[in-house]
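Trainee: I should like to learn how to read helix packing and buried positions in a model. Where should one begin?

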Amino acid sequence: MVSVQQWTGREASALRAALRMSTRAFAEHLGVALRTVAKWESLGAETQPRPDTQAILDTALARADSAAHARFEAVLFPDRKSGRPADYETWTEDIERAVVCVSRQDFSFASTLLNRRLVGHDPHRLDDKGLYLYGRSLVLLGDVQRDQGAILGPLSARQSYLTARGMFSELDIPRRVAQIELSLAVVQEMSGQLEASAHSYELLATDERLSPRDRARARLWVGTALSKEGNNTYATEVMAAATREFETLGEPEDWSVAHQKLALAHRGAGHLDQALHYIDIARTTGTVDSPMQRVRLDTAYGHILLSDAATRNDGLSVLDQAAQVARQYGLSHQLRSIEGIRKGQQG
């Protein structure tokens, strides 16, 4: 809360503006003459209210709500970075709600929650807490854009992640910076930069800024990029190591996803029996409470079934189901992957 040691006409005028009152309403609010308020407005810092009026102004400021206090500070100190604890509390709640929405692929509402905060705040006027929340909101917006397939361009996941990385670098929060670099590597992989993404994943797999779980995920994704490049033998070795790490760390969901990716690597190597073995583990141990994971799992399963002439029709049926869910939830990147698998089989 801003306090005033010595009121002048400048501070009094700022309080009137912060309370959004006319000169007449302000005079009535304080119980002073209209000409007194007019004098403050015209002379500014060159005039000082009497001691009894100073006390009245102190009381009026103390009784103002938090929004008026924020406006009062902004009028008096336009170049000062502001912090608004009450607003930050609701902002934090919106971020928590957006996290749940993203996990359920409710992209529309997640974008609404995030954009009303991002549009409503100027990052150059925020204090460190506000900048932290702005950066978190940008990362979540990047996740929404990535999952919807908007990975490159001015309104893309890459741009959101880069801006957020700059903010967390300024705040000196290395863990957040490294997490964003991991997300940027995912964007590289999704955009077809497989060699570059594999190199980024390799570096992050040993990066002490990341948690053990995130380092294990980076190692798993090294294998994903290698598999997409056709280096399936080495990819399975890397993925198997990551799978063991997830087991040691007690991360059952990541362990299940690792089996899904191992299955695809074995499919790429032509080991269909192994591929079916690992995809069966993934399908029986993984949770499919999110549309994204359901689509990914069905896409992997359909791809493997499609690779065997005896189960080709079953594979097409599973891919059709995955495509239907992808369309329903706006999972553009997953839909493109499904179409790519179909065309690859036709070719």
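Mentor: Begin with the naming of elements: helices are DSSP runs of H or I with at least four residues, numbered from the N terminus. Note also that this is a predicted model. On that basis A225 lies in helix α12, which spans residues 212-228.

Trainee: Is A225 buried or exposed?

Mentor: Burial is judged by relative accessible area, with buried meaning under 20%. A225 has a value of 0% and is therefore buried.

Trainee: Which residues does A225 touch, not counting residues up to four places away in sequence?

Mentor: A225 touches E189, L194, S197, A198 and Y201. By contrast with these contacts, the C-alpha atom of E170, 55 residues away along the chain, is separated from that of A225 by 31 Å.

Trainee: Y201 is among those partners of A225. With which residues is Y201 itself in contact, leaving aside its neighbours within four places in sequence?

Mentor: The contacts of Y201 are L182, A185, V186, E189, A218, W221, V222 and A225.

Trainee: Which residues touch the most other members of the largest nonpolar core?

Mentor: They are Y201 and I279, in a core of 79 residues. Helix α10 supplies the largest share of this core, with nine residues. A second core, separate from it, has 20 residues, including W7, A12, A18 and A64.

Trainee: How should the packing of α10 and α11 be read, and at what angle do their axes cross?

Mentor: An angle over 145 degrees counts as roughly antiparallel. Helix α10 (residues 174-190) and helix α11 (residues 194-204) have axes that cross at roughly 155 degrees and come within 8 Å. The two helices are therefore roughly antiparallel to each other. The crossing of α10 past α11 is left-handed.

Trainee: Which residues of α10 and α11 meet?

Mentor: From α10 come A178, E181, L182, A185, V186, Q188 and E189, and these meet L194, A196, S197, S200, Y201 and L204 of α11. Sorted by class, this contact comprises eight nonpolar, three polar and two charged residues.

Trainee: At what angle do α2 and α4 pack?

Mentor: Angles from 65 to 115 degrees count as roughly perpendicular. For helix α2 (residues 23-30) and helix α4 (residues 51-63) the angle is about 100 degrees, and the axes are 10 Å apart. Helix α2 is therefore roughly perpendicular to α4. F26, H29 and L30 of α2 make the contact with I56, L57 and A60 of α4. Five of the residues in this contact are nonpolar, one is polar and none is charged.

Trainee: Does the same reading of accessibility serve for an arginine: is R146 buried or exposed?

Mentor: The limit for buried is again under 20%. R146, at 18% relative accessibility, therefore counts as buried. Its place is in helix α8, residues 128-147. Apart from neighbours within four places in sequence, R146 is in contact with I151, A157, Y161, S183, V186 and M190.

Trainee: Let us turn to the backbone. What phi does R20 have, and where is its place?

Mentor: R20 has a positive phi of about 55 degrees, although it is not a glycine. R20 is in the loop between α1 (9-18) and α2. Exposed means over 50%. At 65% relative accessibility, R20 therefore counts as exposed.

Trainee: What phi does D172 have?

Mentor: D172, which is not a glycine, has a positive phi of about 60 degrees. D172 is found in the loop between α9 (157-170) and α10. With a relative accessible area of 64%, D172 is exposed.

Conventions:
Residues are numbered from 1 along each chain as its sequence is written. This is a predicted model: local features need pLDDT of at least 70, side-chain atom pairs count only at pLDDT 80 or more; totals for chains, interfaces and linings use all residues. Side-chain values use heavy atoms; hydrogens and water are left out. Axes are lines fitted to C-alpha atoms, for helices over the stretch in contact, and angles run from 0 to 180 degrees between N-to-C directions. Angles under 35 degrees count as roughly parallel, over 145 as roughly antiparallel, 65 to 115 as roughly perpendicular and the rest as oblique. A crossing is left-handed if the near helix is turned anticlockwise from the far one by less than a right angle, and right-handed if clockwise. Contact means heavy atoms within 4.5 Å. Ala, Val, Leu, Ile, Met, Phe, Trp, Tyr, Cys and Pro count as nonpolar, Asp, Glu, Lys and Arg as charged, and the others, Gly among them, as polar. A nonpolar core is a set of buried Ala, Val, Leu, Ile, Met, Phe, Trp, Tyr and Cys residues joined through side-chain atoms within 4.5 Å. Buried means under 20% relative accessible area, exposed over 50%, partly exposed in between (1.4 Å probe, protein chains only).
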